[in-house]
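This note sets out comments on the structure shown below. The comments are arranged as numbered points and may be read beside the sequence.

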Amino acid sequence: MATHDHGFLPLTSPQTGVWFAQQLDPARCDYTIGEYLEIHGALDAELFEQALSRTLAETEALGMRFAEVDGEVRQMPADRPPFRLATADAGACSDPAAEADALMRAELARPMDLATGDVTRHLLVRTGPDTHRWLQAYHHIVADGVSGSLLARRVAEVYSALAAGAPVAACDAAPWERIVAEEHAYRQSEEHLRDGEFWRAKLADAPEPVSFTGHTPARPTGVAVRVSGELDAVDAGALRDAARRLGTRWSALVMAAAAGYLHRVGATEDVVLGLPVTGRTTPAARRTPGMFSKVLPLRLRVTGAMSVEELVRSTSAGIKEALRHQRYRVEELYSGADGSGTRPWDAVVNLMSFDYGLSFDGAGATAHNLAVGPVDHVSVNVYDRGGDSALTVQVEGDAAEGGTEELAAHQRRFIRFLVALATADPSAPVDSLGLLTGADEERLAVLGDGGSAAATQDRCLHELFEEQAARTPTPWPWSAPASGSATPNWTRGPRTSPAGCVR
């Protein structure tokens, strides 16, 4: 592949998507992704800084800046200043964990600058005599979730070697120019053409997007709200056992539950979910930190009479089919040249594994996610820490979609539905699975009894109607009746679904 004489490289397709999305709202800071590792055991902070500095210096993708050159967006090596690790000591605070969390979130909120290459954030917080929290955060244009794992492993490897006085193994990451060249070769290939044909056919006549909330998402504010809870070890074990019985992975069972849940809350049989994938299909990509990840549409037909087994097998097959075509930038089919456009999904399920198994010269570490990037709609994240451990089920969304109370209700319903699917007879129909929480059932009981609020005595019915119309001004769209017909042609409008469209 030809490169510019000055070392300028084109962006890869995942980077292009992030670039245009950021340019639509340059002030947004939620294109920063981040996690922290809780390190349990003695840690030499100076040695850790050396290991981290070496890792960052050898990772080419993290040393790029971005600019328009001759009308095209390009990436080029930035002039990186000497690395200095920011540190803090929260050990003497009354609540070291809370103080560390506040410090890390403040660091995440600091704007990054693509033009200068200021695209990384690192902070080491001491929380006790032998406990530390290491924040690593990156602009999404230079790193994805897998990158965090690769970089954490490399830092642990270098630190352990330095602590032992042993030689440091050579970095096996590929040069970034090679990654860009692989992307270029793919885009000129027959495989790219076949992948495009596949996705065009898959998205033909796609339905309007449906959200986990059951209604049309509000315009995002850029402020994320997040609620987390555990699927305890017993229920997580039931989920894994059900997956084994059905000959699939637990992750496919979660996606099947999400498809069934979206069918129920959105009152739709043509389900489209956003499926985040690694996008790493070559050996060089799999070992190199950088931005590779994509979100693919997973389109499934889900009916209420379909059995649990049919749903799971259909979902598993759909995932495998999508993964065979994951290199294609699906945004090209529905976005404008500037990255604008309407994607065919408003519901995303992100499945992540944090079983890093790291050792910093004998000190173990546990990973915790802090930010996965922009959240424009209610999404479900499920974290697996390996073995027979519990699963973390997280629901997050933009503040325009509601606060923690609303998201917590969605999370409880999804967990209830997920457990119901995992423990159901494989022949049970999807619409027989439990969905409502105890609070939902109490609310419905009150409504079924006519409600508990006394009827107003000082206003007429038309006045109450006008007040409600003012609170919810969006009309139900319709078009004029067809010739010869006296019936208006109603079209689909925004959906509403109290407690998740009970059916």
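The points below take up the cavities, the aromatic pairs, the salt bridges and one sheet of this predicted model.

1. Cavities in general. A search of the whole structure returns four cavities of 30 Å³ or more. The largest of these has a volume of about 160 Å³, and the second largest holds about 60 Å³ of space. These two cavities are treated separately in the next points.

2. The largest cavity. Its lining is made up of 13 residues, and those closest to the centre are Ile179, Glu183, Gly279, Phe292 and Arg327. Helix H5, which spans residues 176-187, supplies the largest share of the lining, namely three residues. In character the lining is mixed, with five nonpolar, four polar and four charged residues.

3. The second largest cavity. The residues that line this space are Ala242, Arg245, Leu246, Leu253, Val308, Leu421, Ala422, Ala424 and Pro426. Two elements each give two or more residues to this lining: helix H7 (233-245) and helix H11 (404-423). The composition is eight nonpolar residues, no polar residue and one charged residue.

4. Aromatic pairs: Phe48 and Phe360. There are 10 aromatic pairs in the structure. Phe48 and Phe360 form one that is tilted, with 6.0 Å from centre to centre and 45° between the planes. Phe48 belongs to helix H2 (residues 45-58) and Phe360 to strand S12 (residues 359-360), so this pair ties together parts that lie 312 residues apart in sequence. Phe48 and Phe360 are both buried.

5. Aromatic pairs: Tyr159 and Phe360. Phe360 also pairs with Tyr159, here in an edge-to-face arrangement with the centres 6.0 Å apart and 65° between the planes. Since Tyr159 is part of helix H4 (residues 145-164) and Phe360 is part of strand S12, the contact ties together parts that are 201 residues apart in sequence. Tyr159, like Phe360, is buried. Ring pairs link Phe48, Trp134, Tyr159 and Phe360 into a cluster.

6. Salt bridges: a pair within one helix. The structure holds 19 salt bridges. In one of them the side chains of Glu182 and Arg178 meet, at 4.0 Å from N to O. The two residues are four positions apart in helix H5, and about one helical turn therefore separates Glu182 from Arg178. Arg178 is partly exposed, its relative accessible area being 41%.

7. Salt bridges: a pair between strands. Which residue forms a salt bridge with Arg226? The partner is Glu396, and the closest N and O atoms of the two residues are 3.1 Å apart. Arg226 lies in strand S8 (residues 224-231) and Glu396 in strand S15 (residues 391-398), so the bridge ties together parts of the chain that are 170 residues apart in sequence. Arg226 is partly exposed, with a relative accessible area of 24%. Glu396 is buried, because its relative accessible area is 3% and the limit for a buried residue is under 20%.

8. Salt bridges: a strand and a loop. Arg301 forms a salt bridge with Glu269, with 3.0 Å between the closest N and O atoms. This pair links distant parts of the chain, 32 residues apart: Arg301 is in strand S10 (residues 294-301), whereas Glu269 is in the loop between helix H8 (250-266) and strand S9 (270-277). Arg301 is exposed, at a relative accessible area of 54%, while Glu269 is partly exposed, at 33%. Elsewhere, Glu58, Arg154 and Glu157 are joined into one network by salt bridges that share partners.

9. A six-stranded sheet. One open sheet contains six strands in the order S5-S6-S7-S2-S13-S12, and its pairing is mixed. Strand S5 (86-89) and S12 are the edge strands, each of them pairing on one side only. Strand S12 is also the element that contains Phe360, the residue paired with both Phe48 and Tyr159.

10. Register of S2 and S7. Within the sheet, strand S2 (residues 32-40) runs antiparallel to strand S7 (residues 131-139), and nine bridges join the two. Which residue in S7 does Thr32 stand opposite? The residue is His139, which may be used to locate the register when the two strands are inspected together.

Key. Residues numbered from 1 in each chain as written. Predicted model: local features only at pLDDT ≥ 70, side-chain atom pairs only at ≥ 80, totals over all residues. Heavy atoms only, no water. 1 Å grid on protein atoms, 1.4 Å probe; cavity = no way out; pocket = protein on both sides within 12 Å on 5 of 7 lines; lining within 4 Å. Points joined across faces, edges and corners; volume = space filled by probe spheres on them. Nonpolar A, V, L, I, M, F, W, Y, C, P; charged D, E, K, R; others polar. Phe/Tyr/Trp six-rings, centres within 6.5 Å; stacked < 30°, edge-to-face > 60°. Buried < 20%, exposed > 50% of the residue type's maximum accessible area, 1.4 Å probe, protein only. Pairing = 2+ DSSP bridges.
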